[in-house]
Amino acid sequence: MNRRDFIKAGTGTMAFAVAGRALGAASERVRLAVMGCHPKGRGFALMQAAISAGGAEIAVVCDVDSRAREAAAAKVLELTGRKPDMAGDVREVLGRTDVDGLICAAPDHWHATAAIWAMKSGKAIYVEKPCTFCGAEGEALAKVQQETNAVFEMGSQRRSATVSLQAMEVLKSGVIGKIHNGRCWYQTHRKPIGPCPNAAVPEWLDWDRWQGPAPRTAYRDGVVHYNWHWFKNWGTGECPNNAVHFIDLARWAMGVENPVKTASFGGRLYAKNDGWNEWPDTQTCLWEFAGGEQVIWEGTSCQTYPKPFNSWSGCLLQGDKGSCFFGPSDCTIFDDKGKQIGHWEPSVQASSVETNNVDPTKLATVEHMANFIKCVRDRNPAGCNQPVTSGVASSLMGHLGNIAWRTGEVIRSDAKTGRLLAGSPGQEFWGRSYEKGWEI
């Protein structure tokens with residue numbers, strides 16, 4: 001057991017091999033593990049995207065739901081002719097020396113913990129957005145990535161989409177002038193989730209491992225596998241869940257890092273009497289940056305019409321000389337008279353990836369996964385299109401929006417570090433509570 005590192009985990013100290021597997025010939029595939037692989041979840045789509053991207057194999061599927069790992073293993077077998085190993089505890093996976101990287105699509109409360117464990121164990125990490133559960137976790141992620149020089153990619157797939165990359169190059173040329181404002185939105189029609197009463201833990205679920213770093217509570221019916229989003233112990237609400245994609249595009253196009261002021265309004269306005277009563281279903285967030293640039297996001301989780309630009313989500317950037325609209329998978333640029341002067345859309349479809357309501361941008365997901373796989377092979381963290389610094393900054397915007405909503409105050413933060421300024425409301429929400437023994 002040479003070159004070992006020890007990570008404090010919730011059930012005690014566990015040893016992980018520090019050095020990753022040495023990749024040999026170019027034909028040798030990167031070996032990946034997937035954490036969180038329910039058929040209706042994001043991990044199932046990411047798993048298929050990794051297969052479609054090429055150059056990688058799914059070595060392990062890991063889930064605390066025994067049904068999910070069986071289904072994921074069967075899907076990999078169907079697509080590749082090889083059945084992966086199965087695991088119920090990610091620590092078992094990270095203890096292996098024949099795994100090069102981890103794809104984490106577990107619930108939000110697991111993201112930073114899994115990413116830190118992966119990096120400390122010598123593994124590359126692809127973690128879904130938001131990559132953090134709170135502001136303090138962003139600081140911890142950045143510190144560990146710097147210490148380990150691990151490959152880190154957050155799942156903002158538009159960062160690798162050919163459409164976005166081409167459009168951003170044109171925007172950088174100044175075709176619409178300086179961009180002052182970005183208006184982003186997300187609209188969907190989520191149904192009531194029911195009362196979610198306390199219930200007996202299903203036999204297929206390891207509830208303790210599902211909770212992971214979160215403080216322990218009784219199992220609630222209807223929370224697993226998706227409705228955890230609307231509970232503060234495990235989820236971050238709609239804003240960090242879905243705003244992050246398009247506010248990230250706005251931040252990227254504007255060339256800004258962290259806002260200096262944040263405000264937010266909203267509430268649970270639909271189906272008020274069911275279990276979803278901790279995060280809003282209708283929310284507006286406004287961020288202002290040091291140069292006066294503004295980004296606004298409007299989230300309507302339970303009302304879909306009318307759709308701006310006939311699009312359920314998007315980002316409209318407005319500059320001195322024109323505007324630019326990013327839809328879910330396309331982009332259009334207009335001059336200051338509203339005339340279309342540029343348009344990009346995917347030229348091919350990722351036909352080998354099944355349509356899934358958690359993967360509406362199939363080709364972009366494959367392109368982003370290809371970027372991650374290449375960086376793992378090359379051991380090149382600098383090549384990631386959504387590295388830790390940028391992923392943390394975009395996730396933090398979502399968290400700042402939630403802090404502003406929870407306090408009802410204007411939040412003030414540092415443009416360089418993103419940290420709340422001394423005297424700003426919301427200091428109590430910068431960190432989070434952990435189950436004893438699971439602290440980062």
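**Reading helices, rings and single residues in a predicted model**

Biologist: What covers the buried residues of α2?

Modeller: Among the elements that cover the buried residues of α2 are α1 (42–53), β4 (56–62) and β5 (85–87). Please keep in mind throughout that this is a predicted model.

Biologist: Which residues of α2 are the buried ones, and where do they lie when the helix is seen down its axis?

Modeller: The general idea comes first: an α-helix has 3.6 residues a turn, so residues three or four places apart point the same way. In this structure, the buried residues of α2 are Ala68, Ala72, Ala73, Lys75 and Val76. Seen down the axis of α2, these buried residues fall within an arc of 160°, and therefore they line one face of the helix.

Biologist: How many ångströms should helix α2 span, and what is found at its start and just after it?

Modeller: One takes 1.5 Å a residue and compares the result with the separation of the end C-alpha atoms; for the 15 residues of α2 (residues 66–80) the expected span is 21 Å, and the end C-alpha atoms are 21 Å apart, which agrees. At the start of α2, a side-chain oxygen of Asp65 comes to within 2.8 Å of the backbone nitrogen of Arg67, while the helix is followed by Gly81, which has a positive phi, near 80°.

Biologist: How many residues of α9 are buried, and what covers them?

Modeller: Helix α9 (residues 362–378) has 17 residues, and its reach of 24 Å from first C-alpha to last is close to the 24 Å expected at 1.5 Å a residue. Of these 17 residues 12 are buried, so α9 is largely enclosed by the rest of the structure. The buried residues include Lys362, His368, Asn371 and Cys375, alongside others such as Leu363, Val366 and Phe372. Their cover includes β3 (30–35), α1, β4, β6 (101–104), β7 (124–127) and β8 (152–154). After α9 comes Arg379, whose phi is positive, near 50°.

Biologist: I would like to read the aromatic side chains next; how many aromatic pairs are there, and why is the pair of Trp185 and Phe309 called stacked?

Modeller: Two rings are paired if their centres lie within 6.5 Å, and the pair is called stacked when the planes are under 30 degrees apart. By this rule there are 17 aromatic pairs. For Trp185 and Phe309 the ring centres are 6.4 Å apart and the planes are at 20°, so the pair is stacked. Trp185 belongs to strand β9 (residues 179–187) and Phe309 to the loop between β12 (294–300) and β13 (313–319), so this pair ties together parts that are 124 residues apart in sequence.

Biologist: Are these two residues buried or exposed, and which other ring is paired with Phe309?

Modeller: Trp185 counts as buried, at 2% relative accessibility, whereas Phe309, at 42%, counts as partly exposed. The rings of Phe309 and Phe334 have their centres 6.4 Å apart and their planes at 50°, so that pair is tilted. This pair also links distant parts of the chain, for Phe309 is in the loop between β12 and β13 and Phe334 is in strand β15 (residues 331–335), 25 residues apart. Phe334 is buried, with a relative accessible area of 16%.

Biologist: Which residues do ring pairs link into a cluster, and which charged ends sit over rings?

Modeller: Trp207, Trp210, Tyr219, Phe231 and Trp234 are linked into a cluster by ring pairs. As for charges, the charged end of Lys232 sits over the ring of Trp279, 5.3 Å from its centre, and that of Arg432 sits over the ring of Phe133, 4.4 Å from its centre.

Biologist: Finally, how should I read a single residue, and what does His229 touch?

Modeller: It helps to take its place, its burial and its contacts in turn. His229 is found in the loop between α7 and α8 (238–254), and at 4% relative accessibility it counts as buried. Not counting residues up to four places away in sequence, His229 touches Asp108, Gly235, Thr236, Gly237, Asn241 and Trp279. Asp208, by contrast, lies in helix α7 (residues 207–211) and is partly exposed, with a relative accessible area of 40%; its side chain makes a polar contact of 2.7 Å with the side chain of Arg216.

Conventions. Residues numbered from 1 in each chain as written. Predicted model: local features only at pLDDT ≥ 70, side-chain atom pairs only at ≥ 80, totals over all residues. Heavy atoms only, no water. Phe/Tyr/Trp six-rings, centres within 6.5 Å; stacked < 30°, edge-to-face > 60°. Helix = DSSP H or I, 4+ residues; strand = E, 2+ residues; numbered from the N terminus. Buried < 20%, exposed > 50% of the residue type's maximum accessible area, 1.4 Å probe, protein only. Lys NZ or Arg CZ within 6 Å of the ring centre and 35° of its normal. Expected span 1.5 Å × (residues − 1). Arc of directions from axis to C-beta. Contact = heavy atoms within 4.5 Å. Polar contact = N/O pair within 3.5 Å; in protein donor to acceptor, adjacent residues only side chain to side chain.
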